[in-house]
Each structure stands twice: as C-alpha cells, then as structure tokens.
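Grab a pencil and work through the exercises below. Each one comes with a solution that goes step by step.

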Amino acid sequence: MELIGAQLVNAVAYGLLLFIITCGLTLVFGILGVLNLAHGSFYMFSAYIAYSITETYTQSFWLALFVAPMVVGLIALVVEITLLRPTYHLGQLSQVLLTFGLAYIFNDIAPVIWGSDVLSIKVPSVLSGSVTIFEQKFPVYRFAVIGIGIAIAILLWMVQNKTKWGAIIRAGLSDKEMVSALGINIKLVFTSVFIIGGVLAAFGGVVAAPILGIYPSMEFQTLILALVVLVIGGLGSVAGTLVASLLVGIVETFSRFLAPEISMFLIFGLMAVILVLKPNGLLGKKVV
Amino acid sequence: MKTIVFKLVTVFVLLGLAPLVLSLFHLNLLSEILILAIFALSLNILVGFTGLVSLGHAAFFGIGAYTAGLVSLNLSNNLLVSMGASIIVSIITAAIIGAFCMRVSGFYFLMLTLAFSQMIYSFIYQSTNITGGSNGLSGIPNAVLSGFEFSNAVYVFYIVLLVFLATYAILGIIVKSPFGQVLIGIRENELRVKATGYNTSVYKYVAFVLAGAFGGLSGSLYTYFNGFIAPSDVYWTMSGNVLIMVLIGGSGTMLGPVLGAALFVILETVVSSYTDSWMLIVGSVFIIFVIFFPKGIVGIGQSLMRLAKKRKLKYDAKRKSKAA
Amino acid sequence: MVEDKILTISGIGKSFGGLTILKDISLEVEKGERIGIIGPNGAGKTTFFNLLVGDIKPTHGKIFHYNKNITKQPNYLRAQNGIARTFQKNNLLNELSVLENLLLVLQRRQGYGHKWFNRREEKQYPDLYLKAYELLETWGLSHRREVIVKSLSYGEQRQIEILLGIASDPSILLLDEPTAGMSQSETNYIVKLLYGLPRELTLMVIEHDLDVVFGLADRMVVLNDGEVLTVGEPDTVRKDERVNKIYIGTGDED
Amino acid sequence: MRKILMLISLVFVLAILSSCGNSAIESSLNSESESDESGDGDGQETIKVGAILPFSGVYASLGKDLLNGMKLYFDSIGWEVSGKKIELIEEDTEADPQVALRRIRKLMDQDNIDILTGPVSTAVAYAVRNDVDSNKLPFLVSHAGGNDLTRGKRSDYIWRSSFSSWQIGNSMGEWAYENVGDKMYIAAADYAFGREVSTAFKEAYIAAGGEIVGNVYPPLGNNDYASYLTTIGGEEADGVYSFFAGSDAVRFVQQFEQYGLDKDFTLVGSGWLVSENLRKSVGSAAEGILASTFWDYSLETEENQNFIKAYEKAYGTRPTIESLEGYDAASIMVEAIKELDGDVSDSDKVVEAISNVSFTSPRGPIKFDKETHQIIQNMYITKTLAVEDKTENKVIYKVEEVKDPGK
C-alpha cells in the first residue's frame with residue numbers, strides 16, 4: 001500500500017513536470033494552429049542558458065528561472081517575426097515543416113555553444129532537502145515541481161477565463177476570422193502567444209533541468225513526450241493537456257513499477273488507444 | 001505502354017553501365033540513393049498523392065529490413081523468399097496500423113503514425129534476443145537466387161536498380177490510373193470526392209497499405225545492401241529524413257522523391273567531410289525549400305523550363321519580326 | 001406506408017450541443033418533382049441538405065429513399081445511389097483541370113474508380129472521355145477543358161459545380177444556391193440550363209433569387225427558424241403573408 | 001518535358017558520381033581474386049589511419065575525447081614513424097551504423113586507408129565488421145565493448161584495445177561479494193551493452209556465492225528514475241549494481257541520492273557512473289560509489305602521471321577514459337608499424353604486428369590475447385570520495401590480468 005502511495009506521488013510529480021513542459025506547445029497550437037516542433041529546442045536552449053547562469057556567472061537558480069525564459073522569449077520573438085509571420089499564408093502544414101527544420105538547426109547550434117558533455121543544474125539549497133511520506137523519502141524539489149505545475153495551471157486558467165486577453169485567446173481557439181473581424185490585431189496576438197509559448201517551454205526547461213539533465217539531443221526526447229501528451233489531451237486544449245499529463249505520468253510511473261520492460265511501449269500504446277476511441281483527444285476540439 | 005518499356009530499358013542500360021564508370025564508393029552511394037528513392041517514393045504515395053503527412057514511415061522501412069534480415073538468418077537467404085516475406089509482413093503491419101490511423105486526419109494522423117512507429121521502434125530496440133536490440137542485427141548472409149550469390153556491391157547494385165525501376169514504373173502507372181486520380185482528388189478536397197460517391201476511407205487505407213508495402217521493400221533492399229540493420233533505421237528521425245527527401249524533391253511528382261533522395265545522400269556525404277553540423281545544413285536547406293520552393297526541385301525545374309520556353313518564344317518572335 | 005415517393009423525410013431534426021438548428025421536418029418528394037426551398041439566413045436550409053446527403057446525421061427522425069431507410073447510410077453510398085448535391089460555396093478540386101474534375105465523377109459512375117493498373121487516358125477509356133467531352137460540349141465549356149479550375153472565373157466555377165452534380169447521373173439533385181454570386185447574364189444562363197434538365201430528374205433547389213426559384217419549382221418549402229413555415233404551390237406561397245413578412249423583415253442577401 | 005527533366009537529372013547524378021578512381025567492377029573483382037586491397041604498396045610515403053568516431057549526436061563528447069587522445073600521442077612522435085608520415089582521416093559516424101558504413105566505405109574505397117580505428121558504438125562496430133573482414137583491413141577497436149566482437153563475430157583483422165563488457169562486469173563480481181555484501185539488486189539500462197555488463201557481473205557475483213535479489217532494466221535514455229528507485233527502496237539488499245552511462249548515469253546517481261537510497265544501499269557499478277567528465281554534473285551524489293574500470297585518473301603510476309600531465313598541457317582539461325583509449329590505440333598502431341619498419345602494405349603482417357604489441361600503458365601493462373584478439377589488462381576498483389567541494393575517484397583494489405574467456 002505504501003509503495004503504491006509513494007508511486008502515486010512520483011506519478012503526480014512527473015505528470016505535472018510534463019504539463020509544465022507541454023502547456024506552451026498546447027497554447028501555441030490552440031491559437032496559431034502551428035504545431036511547433038521547435039518547442040523542444042526552446043526547452044533545450046533554456047536549460048543550457050540556465051546552466052550557464054548557475055554555473056558560470058552567478059550561482060542563483062532563481063535568476064536562471066527568470067533570465068533563461070526571457071532570453072528564449074526573445075529567440076521566439078525573432079523566430080515568429082522572421083520565419084512564421086511571413087509564411088502564415090503557406091498553410092499549417094508548411095509551418096510545421098518550418099519548425100521541424102528549425103529543430104534540426106537548433107540541435108546543432110547547442111553543442112557548438114555548450115559542448116557535448118552531459119551537464120546538470122544544482123537544485124537551490126531551499127529545495128534540496130527531502131521529506132518522508134509513505135515511509136519513503138522524496139526530494140523536496142519534486143513537491144516544488146508539483147506546486148509550480150498547479151500554479152501554472154491555475155494561472156493559465158485565470159488568464160483564459162478572467163481577462164480580456166483570455167477572451168481573445170478563447171475566440172482565437174474557435175474562430176480566427178472573427179478575431180480579426182473584431183478589429184483586434186491578430187498579428188500581435190499571434191506574436192505574443194508564440195512568445196508566451198516559448199517562455200513556457202523555457203520555464204519548463206529550467207524547472208526540468210535538475211531532474212531530467214542537460215545533454216545533446218535532449219530536446220527530441222522531450223519533444224516526443226510532449227507531443228504524446230498534447231495529442232492525448234486534445235490539440236489546443238490546456239485543460240486536456242493537464243489531464244493528459246497526469247494520465248501519462250500515472251501510466252508511465254506505474255508501468256515502470258509493474259512492467260518496466262514494456263513501459264516505453266505503453267505510452268505510445270495509450271496514445272493510440274485514446275486516439276482511436278476519441279479521435280480528437282480527451283478534451284480536444286475537431287481540428288483538420 | 002511501349003514507350004514506357006522503351007524508357008525503362010533506356011534508363012536501365014544507362015544506369016546499368018554505372019559499375020563500369022563509377023568507383024566502388026560512388027557505386028555504393030548510387031545504390032543507397034536508389035534504395036532511399038524507393039523509400040521516398042513509397043512515402044510520396046501518402047504525402048504527395050493522398051495528402052496524408054506521415055511521420056512514422058520508417059516503421060515500414062525497419063520492418064522490411066528486419067524481416068529480410070531475420071528470414072535470411074533463420075529461414076532462408078533466398079532473395080525471393082526474404083524479399084517476399086518483407087513485403088508480406090509490411091503489408092500486414094500496414095493493414096493493422098492503417099485500420100487505426102484511418103480514423104483520424106491532419107495532425108492527428110501525423111501523430112498517430114509517429115506513435116505507432118515509435119512503438120515498433122521500442123519493440124525492436126528492446127527485443128535484444130530477436131533483433132539484437134541496440135547492437136543491431138549483424139552477420140546477415142548474402143542473398144542467393146538459384147545458386148547465384150549476391151556477394152559484392154556490383155551484384156547488389158543490379159538488384160537495387162531492377163527493383164527501383166520496377167517500383168518507379170508500377171507507382172508511375174498507379175498514380176495515373178483512375179485509382180490514383182481518386183487519391184489525388186482526396187488530397188485536393190476529400191469532401192468533394194466523398195460527395196461524388198467514393199468511399200474515401202477505403203482509398204486512403206489502400207494507399208496506406210501500398211505505401212507500407214513499398215516501404216518494406218526498400219527496407220529489405222537496405223539489408224542486402226548493408227548486410228546489417230540498426231534500430232536507428234526505425235527511429236523517427238529516419239521518418240523525418242525521408243519526409244524531407246520527399247518535400248525537397250517535390251511531393252506529388254514521381255521524379256521528385258528520387259531527386260530528393262539523391263540530393264540528401266550527396267549533400268550528407270559532401271557536407272560531412274567539412275563539418276559535423278550536418279543537421280544544421282539539412283535543416284537550413286529544408287527551410288529554404290519550404291518557404292521559397294514549396295514544389296521542390298522538380299518545381300524549380302519546371303519553372304526554369306517554362307522560363308526557357310518563354311524566352312524562346314520571344315526570341316523566335318523577334319527573329320520573325322526582324323526577318324519581316 | 002411509403003409508396004413510390006423518391007424521398008420520404010419523416011420528422012428529422014438536428015441539434016448541435018444545446019442549439020437546435022432543425023426540428024421535426026417532414027416532407028414527401030415525388031419522382032420528377034422540382035422543389036424550391038427558401039427561407040431567411042439561418043433557417044437551416046443547408047443543414048437540411050447536409051442531412052439529406054448524409055454529411056451529418058440527424059438527431060432524430062428518418063429518411064427514406066424509395067422504400068429504403070437511408071438515415072444511417074454514409075454520404076458516399078447515398079451519392080452512389082443517386083442523391084447528388086452541389087455546394088453553396090464552390091467546392092471543387094482547385095488544382096486540377098476542368099476535365100479532370102469531371103472525369104473523377106464520371107469514372108465512379110461508370111465503375112472504373114478502383115482500376116489501378118492502367119493509366120487513365122483516352123486510349124484506355126474511350127467511353128469515359130467521350131462522355132466527358134459530350135457534357136462539356138452541352139454546357140458550352142469545351143474550350144475550358146484543360147484549364148485549372150482555380151483560374152476560372154467565379155461564374156464558370158459555379159457552372160462546373162452544377163455540372164459535376166449532374167455528371168454523376170443522379171435521380172435527385174440537390175442544388176444549394178446555384179446562382180449565388182453570379183452576374184445577371186450568368187444567372188440567366190444557369191437558369192436556362194436548369195430549365196433544360198430532363199423532367200424525370202428530381203430537383204431540390206435552395207435559392208435566394210425568388211424569381212429563379214418560383215419559375216422553376218413545382219412546389220415550395222419555406223423554412224424559418226428550423227421549422228417548415230409552409231409548403232405549397234409557388235403562387236400560393238408567393239401570396240402568403242407570413243412568407244412576405246419574413247422576407248421583408250430580414251432581407252435576402254447572403 | 002518530364003523526359004528531359006529525367007535525362008538531365010540522370011546525367012547530373014552520373015556526372016557527380018563519376019569522378020576518377022578505378023571502376024566498381026574492377027575493384028570488386030579485384031577484392032575477390034587478389035588478397036590486398038588497402039594501401040598502394042611499399043612505395044607510399046604516408047600511412048593513412050582512418051578513425052570512425054561520433055562527433056555529433058549523443059556520443060559526441062566521447063568521440064572528441066578519443067580523437068584528442070590519439071592526436072596527443074601522434075603529436076608526441078611528430079606524426080612520423082619509421083620515416084613515414086602518419087595521416088589521420090576522421091569521419092563522423094553520428095553514432096548511426098548506416099552512416100558509419102557509408103563513411104567506412106569511403107575510407108576504404110576513396111582514401112585507401114591502411115589501418116582503421118574507432119568506433120564508440122558497438123552497433124557501428126558490428127555494422128562495419130563484414131566490410132572490414134572481406135576487405136582485409138586491419139581494424140583496431142578503440143572503444144566499442146560488445147562481447148561478440150571478440151567472440152562470435154571475431155575476425156582475423158579486428159583487434160580490440162579497449163575493453164569488453166565481460167571485463168567490466170566480471171571484475172566487480174567477486175570483489176563486491178567479499179566487500180559489499182551477499183545480496184545485490186541490479187539496475188541497468190535496457191540495451192545490449194547494459195545487459196551484457198550486468199550479466200557478466202551477475203555470473204561472477206553468483207559464482208562467488210552472492211545472491212541477486214532482483215533486477216530492473218529501465219530503457220536507455222529514460223528520463224526519470226523515481227518509479228524504479230521507489231521499487232528498489234522496498235527491497236532487502238546490501239547494494240545495487242548498476243550500469244548506466246552519459247546522461248542516464250547523471251540522473252540515476254543524483255536521483256539515487258535524492259530518494260535517500262544511498263543510506264540503505266551501496267551503489268556499485270562501472271567506471272562510467274563516475275567518469276571524469278560526469279562527476280562534476282553528478283555533484284556530491286557520486287560520493288561513496290564503487291566502480292570497476294580499466295583506467296582511472298587517480299592511478300599513480302609514472303606512465304599515467306606523464307600521460308595526464310601531457311594531456312592537461314595540450315587541452316587544458318583532464319583526460320577521460322576515452323582520451324586514454326585514443327592515446328593507447330595510437331600507441332599500439334605506432335608500435336606495430338615500427339615493428340614492420342613502416343611497411344603496412346600487407347594487412348596480415350599488420351595484424352600480426354599488432355598482436356605482438358605489449359607495453360606498459362598509463363592503465364598498466366597491456367598485451368593481446370592471440371586467441372580472442374581482446375586486450376588483456378588490469379582492472380581496478382575505485383571508490384569516489386569527497387575532496388573539498390568536489391569528488392575524486394581513488395583506486396582501492398587491482399584485479400590483475402583480466403582476460404576475456406572468448407565465449
């Protein structure tokens with residue numbers, strides 16, 4: 001019983017970590033209709049930048065948590081303005097392919113800057129202890145991740161439901177033409193949302209770095225996982241992403257516990273089953 | 001029909017001379033281009049002609065390759081047996097995966113194909129006892145056909161060339177056939193095709209299985225070519241690479257994927273001698289094509305030809321007016 | 001219960017989520033009858049068509065084609081069985097030529113759709129091409145044969161839209177605003193074509209141009225707010241006060 | 001128009017491919033009838049060494065260290081041996097066997113290399129095995145440790161100077177039983193190498209009298225070990241034997257400590273758990289880990305100290321075990337060439353010469369097992385200690401002359 005309880009804590013922590021990483025991807029897809037395959041690259045860059053900040057320049061994790069997303073937000077801005085904005089007319093598929101190409105490029109840039117060694121970020125001392133629950137020690141940092149995940153979920157929910165921006169965003173989710181008809185600058189909305197997506201990816205990169213590590217090609221592994229979560233939850237649905245993250249966290253944690261040999265298999269199996277039962281994901285709207 | 005046969009024979013004779021002209025290294029490069037070209041052509045049925053963008057096509061390549069390898073190792077290294085087995089297993093797999101994937105479209109199709117291919121990848125990666133796992137499947141004997149052993153690169157090249165031409169001819173006919181025209185219709189406007197009375201799901205399904213079968217075929221050739229298979233051939237980056245080949249070459253054309261495969265392999269061979277940042281180069285080239293040449297190399301060729309024609313017309317007109 | 005009515009619609013309705021678009025529509029259509037469907041925007045006319053061709057499934061009610069219950073039949077089967085439609089917005093294979101658009105319809109009708117091992121070319125399928133040329137000739141589109149659809153004028157595309165509907169040789173043709181967005185001369189041309197259609201072809205026409213539809217139809221169905229307001233002969237409907245009221249009330253532009 | 005396009009592309013492809021060099025038919029017939037492919041005879045002025053290593057992808061840092069080690073040795077002899085110049089041709093495998101095959105064919109057919117060395121990935125070594133064997137190209141394996149290379153897939157032309165999985169796992173078995181306890185749990189990455197090493201350990205440990213109470217094989221590149229660690233935490237054992245490398249090792253060791261397992265279990269493993277380039281990332285969690293390896297920075301022999309000094313001077317960073325592998329591979333090749341007085345035209349003589357090489361390397365005395373073509377070397381048990389705010393490995397035990405059984 002204790003073991004199951006302990007695994008549940010692991011599952012929730014892991015699930016919310018996935019949520020932190022994926023929610024930016026969901027947001028961008030929901031509003032821009034762009035499946036941003038460079039999302040993982042933003043995540044990776046942020047982790048590397050955070051490493052530079054915590055190891056080379058200052059020792060502050062908190063500073064890294066603030067600065068790295070800013071830098072990546074800037075990269076996202078440049079990408080949106082130079083690459084995506086002039087090409088919205090090419091259609092959604094072309095945009096996916098563009099970000100796919102970007103992911104290839106970013107993959108090679110990172111090792112040039114940071115080398116190809118495995119790196120890691122130290123957890124700030126406040127969060128480096130451990131807590132005992134279910135007769136099992138847990139790192140405090142895992143609970144911090146749970147907290148951050150919940151906070152982001154609430155924040156996104158508030159923004160979406162309580163603010164004017166949220167209204168635009170919700171309108172964008174359902175009808176892009178209407179938004180522009182209302183006289184709202186859709187370009188500005190798109191750029192902002194893409195930056196927010198990048199910032200969220202970057203935030204995920206810093207938060208995840210102490211757990212998942214920093215190493216070459218890390219972004220593809222994370223990207224695939226994020227895509228799985230995105231699709232299970234339903235493209236574009238933040239609530240769906242939250243549910244899917246937790247579901248994937250639970251399935252992956254318990255399959256590692258019960259049947260470690262097939263755990264890799266199970267996540268993709270879960271995705272296939274859900275798509276067959278609910279072709280638009282758990283909470284997704286129909287997207288063509 | 002006669003002209004097709006004539007064309008095929010011409011190309012066969014021309015390319016058949018390659019071993020006399022090319023060095024062994026370049027011949028191997030050509031073999032690899034042709035194998036990947038078959039692979040790209042098979043994906044093109046889906047991406048280019050039916051409008052279904054798959055990011056999991058490496059699954060079939062891998063299944064074909066591993067089936068050919070395992071059959072050669074354990075049952076028989078007869079070329080027709082192992083190649084036949086590859087195609088059959090690929091068809092069965094495609095039939096199963098297709099049954100799931102046909103229920104979704106667009107991004108979901110892309111993701112579901114990715115999911116299935118990753119499942120197959122993890123199965124291959126973890127079944128160390130059967131597939132050799134991360135070490136790959138090695139020590140695969142040379143293929144044999146009625147006593148003749150395909151023991152060196154030249155012989156393998158001729159199998160590859162033969163299969164390539166056959167594939168090119170068959171797919172070339174299929175896409176021009178009434179069936180192929182329905183696929184093109186689905187790519188352009190599925191709703192309209194349905195309203196016309198076609199059960200588009202069946203057509204898409206058949207296209208999916210067809211693509212899987214030829215994907216498996218190309219995989220089996222890769223096994224004869226290398227005598228070795230690694231799980232990286234089933235990984236999603238392989239699917240990504242072949243998608244890039246199709247799109248750079250020109251999707252929805254027959255020649256495009258072939259040129260795409262050629263450019264990809266040549267570029268990789270040339271570039272890697274100068275820099276380790278191969279992915280940076282291919283990513284940049286890909287982006288340039290997506291933005292500026294969405295119709296790929298074939299598209300560029302067509303525009304150039306149109307331009308030349310216009311020039312010629314102008315030139316002729318000028319000459320005429322002068323003469324007058 | 002059902003005799004030789006070509007179409008029997010019994011109490012169908014459709015709601016999306018909480019919103020009811022159509023409620024309890026019942027209608028019997030005789031073979032060869034020409035029915036005009038009018039009503040203000042949002043009355044549910046196109047939804048009604050979508051239900052008939054099977055693009056969407058009704059929330060309740062049944063549809064019979066002759067004596068066969070087709071309520072659950074998928075759209076492609078209904079099309080095969082002779083229920084054809086045109087779309088309100090042009091819905092063509094834009095990157096293909098006029099001929100290719102037409103051939104795709106004709107090859108299905110002649111049972112060649114699944115042939116996969118020979119090229120579709122004139123040598124192989126002379127009857128198919130002959131039929132296509134014939135149709136294009138009749139519709140005065142022969143000279144546009146090889147033109148890519150997207151480079152045609154809007155009116156020409158509209159013609160193709162209707163041509164494709166007729167090419168499938170249907171027993172019922174549902175025309176969704178055939179003259180929408182056309183100039184007066186183009187409208188006249190289309191109307192002439194519609195008048196010339198064989199009498200045994202059953203027509204159902206959604207149309208905003210009342211002059212067009214009153215001249216063409218044997219019977220009018222007026223929809224309002226998802227319900228049948230009235231059904232009757234064109235002259236009767238024309239005089240109906242309720243009909244005039246909704247038309248004056250809302251205007252008839254789309 | 002299509003016809004013209006096709007023709008143009010055909011000519012284009014042929015033109016690009018048809019550079020100089022003898023035709024494929026000639027060379028492939030040659031390789032069948034004649035014995036020697038590599039080299040152009042004794043008249044040549046340079047000896048070409050081909051290195052297939054990963055310079056991009058996940059193993060990039062290993063590839064670069066190996067290359068640095070090789071270059072360090074070649075630098076020390078001025079890139080010259082027996083009056084011949086040494087030319088090193090590097091090719092990037094991208095850790096992808098198919099890419100590696102393409103590259104190695106280039107090295108053989110275009111560059112006509114005399115000796116091949118590398119690779120990091122065992123899959124690459126297996127992939128190129130047949131091509132190397134049929135071309136009779138001397139191949140000195142400088143890292144890839146899959147057992148089969150010197151067992152079932154043995155070739156006359158392939159010799160290995162690095163290690164085999166068996167040597168790594170086996171060397172820890174008996175020592176762990178005597179010094180850690182009689183009950184162990186195994187956690188190893190689920191790929192061929194992880195399985196081989198842990199199997200070798202298991203056999204040796206059980207043979208010594210120990211009991212394996214359970215095992216778990218997380219997939220390679222697994223990103224979170226929490227679930228596995230919770231499972232292990234519920235077991236009764238004295239220690240955990242683990243095989244992880246690279247980013248997996250960093251995560252596993254860190255999370256092992258974070259989940260408090262270091263209090264109840266002794267973490268035992270291979271040198272890659274605490275290798276020079278990882279320990280900084282692992283941080284204090286590495287403290288107390290026992291590992292088996294064939295070289296360590298802390299070895300106090302004179303040869304090792306000289307090697308370290310030279311390496312740090314040249315590159316400004318500590319050598320890793322891969323740097324040593326590169327350095328040793330270069331030394332072995334040079335020794336062999338010396339013995340042949342610079343004549344590498346006969347590949348049979350080259351491998352014969354390699355087999356006779358024996359000297360004291362920074363890792364200790366080494367020689368080849370002429371039966372298996374596998375190196376015979378000392379293995380060391382290290383313990384990781386906290387030194388100021390860092391950690392350092394310390395060699396605490398030496399297993400002498402470990403020889404792979406070859407089957």
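Here are four exercises on chains and the interfaces between them.

A quick note before you start: this is a predicted model, where local features need pLDDT of at least 70 and side-chain atom pairs count only at pLDDT 80 or more, while totals for chains, interfaces and linings use all residues. Residues are numbered from 1 along each chain as its sequence is written, chains are lettered from A and ligands numbered from 1 in the order in which they are written, and side-chain values use heavy atoms, with hydrogens and water left out.

**Exercise 1. Describe the fold and compactness of chain B.**

Step 1: Start with secondary structure. Chain B comes to 14 helices and 2 strands; helices are DSSP runs of H or I with at least four residues, strands runs of E with at least two, numbered from the N terminus.

Step 2: Check the overall dimensions. The C-alpha atoms fill a box of roughly 80 × 55 × 45 Å along the principal axes. For 324 residues, a compact globule would have a radius of gyration near 20 Å, and the 21 Å of chain B agrees with that. (The radius is taken over C-alpha atoms, and the globule rule is 2.2 Å times the number of residues to the power 0.38.)

Step 3: Look inside. Of the 324 residues in chain B, 65% are buried, meaning under 20% relative accessible area with a 1.4 Å probe, protein chains only. Contacts are heavy atoms within 4.5 Å; among those in chain B with a separation of 6 or more, 77% come from residues 24 or more positions apart.

**Exercise 2. Run the same checks on chain C.**

Step 1: Count the elements. Chain C has 9 helices and 10 strands.

Step 2: Test compactness. Its radius of gyration is 19 Å, close to the 18 Å from the globule rule for 254 residues, so chain C is as compact as a globular protein of that length. The C-alpha trace spans about 60 × 40 × 35 Å along its principal axes.

Step 3: Finish with burial and contacts. In chain C, 55% of the 254 residues count as buried, and 65% of the contacts between residues at least 6 apart in sequence join residues at least 24 apart.

**Exercise 3. Work out what chain B brings to its interface with chain D.**

Step 1: Size it up. Here 53 residues of chain B are in contact with 49 residues of chain D. The buried area is about 4,700 Å², with 62% from carbon and sulfur atoms; that area is the accessible area (1.4 Å probe) that two parts lose on being put together, summed over both.

Step 2: Find the charged pairs. There are 3 salt bridges between chain B and chain D, each needing a side-chain nitrogen of Lys or Arg within 4 Å of a carboxyl oxygen of Asp or Glu. One of them pairs D:R103 with B:E268, the closest N and O atoms being 4.0 Å apart.

Step 3: Trace the elements. Those giving two or more residues to the chain B side include α1 (2-16), α3 (24-50) and α14 (296-323). The largest share, 8 residues, comes from α3(B).

**Exercise 4. Which three residues of chain A supply 20% of the area it buries against chain D?**

Step 1: Set the scene. Chain A and chain D bury about 2,800 Å² between them, 46% of it on carbon and sulfur atoms.

Step 2: Name the trio. A:V118, A:K137 and A:R256 supply that 20%, more than any other three residues.

Step 3: Add the salt bridges. Chain A and chain D have 2, one of them joining A:E55 and D:K280 with the closest N and O atoms 3.8 Å apart.

How values were computed. Buried < 20%, exposed > 50% of the residue type's maximum accessible area, 1.4 Å probe, protein only.
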